[in-house]
Amino acid sequence: MTHPRKSLDTLIHAPVRFSIAAALASVDEADFKTLRDTIEITDSALSKQVALLEQAGYVKVRKAFVGKRARTWLSLTNTGRAAFTRHLAALRDIAAWEPEQANGLGSPAA
């Protein structure tokens, strides 16, 4: 049996990127400021992590003007949603994994 950790998505696994993906998974789209405030990071940290997710095709960035102000909206792509779903499944599998069934290991020490 293969350990379920091998199914983790290393790009999404980083805590900030995981938080971004989780926040975006629950909405169609979020504006940059709301996402920044929701996951409690700086503008520069969010920009850097979003750039990595965008480069991988996981996040779509949309920019437009509202009045005279530039605004940025972020959303998960279909690829990003699928990757996030697989990553969550791998985490659940790890949490439920019973090593004694996989390798004949005994019960953990009390």
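How many salt bridges does the count come to? The count comes to five. I should say at the outset that what we are discussing is a predicted model.

Let me start with the charged residues around helix α3, which spans residues 32-39. Within that helix, D37 and K33 form a salt bridge, and their closest N and O atoms are 4.0 Å apart. The two residues are four places apart in α3, so about one helical turn separates them. D37 also meets R36 in a salt bridge, here with an N to O distance of 2.9 Å. As for its surroundings, D37 is partly exposed, at a relative accessible area of 41%.

R36 in turn has a salt bridge with D43, at 2.7 Å from N to O. Through shared partners, these salt bridges join K33, R36, D37 and D43 into one network. D43, like D37, falls in the partly exposed class: the relative accessibility of D43 is 38%, and that of D37 is 41%. As a general remark, side chains of opposite charge can pair when their charged atoms come close.

I turn now to an acidic residue without such a partner. D9 lies in the segment before α1, the helix of residues 10-13. Is D9 buried or exposed? D9 is buried, and yet it has no salt bridge. The nearest side chain of opposite charge is that of R86, at 4.9 Å. The cut-off for a salt bridge is 4 Å between a side-chain nitrogen and a carboxyl oxygen, so a separation of 4.9 Å does not qualify. What does D9 touch, leaving aside its neighbours within four places in sequence? D9 is in contact with Y58, A83 and H87.

Next, helix α2, residues 15-25. Its buried residues include R17, I20, A21, A23 and L24. These residues cover an arc of only 165° around the axis, and therefore they sit on the same side of α2.

Finally, the strands. Strand β2, residues 59-66, pairs with strand β3, residues 69-76, in the antiparallel sense, and eight bridges connect them. One example is F65, whose bridge partner in β3 is A70. The hairpin formed by β2 and β3 has two residues between the strands, and G67 there adopts a positive phi near 65°.

To close, I would return to two points for discussion: the network that joins K33, R36, D37 and D43, and D9, which is buried without a salt bridge.

Conventions:
Residues numbered from 1 in each chain as written. Predicted model: local features only at pLDDT ≥ 70, side-chain atom pairs only at ≥ 80, totals over all residues. Heavy atoms only, no water. Pairing = 2+ DSSP bridges. Buried < 20%, exposed > 50% of the residue type's maximum accessible area, 1.4 Å probe, protein only. Lys, Arg positive; Asp, Glu negative; His and termini not counted. Contact = heavy atoms within 4.5 Å. Arc of directions from axis to C-beta.
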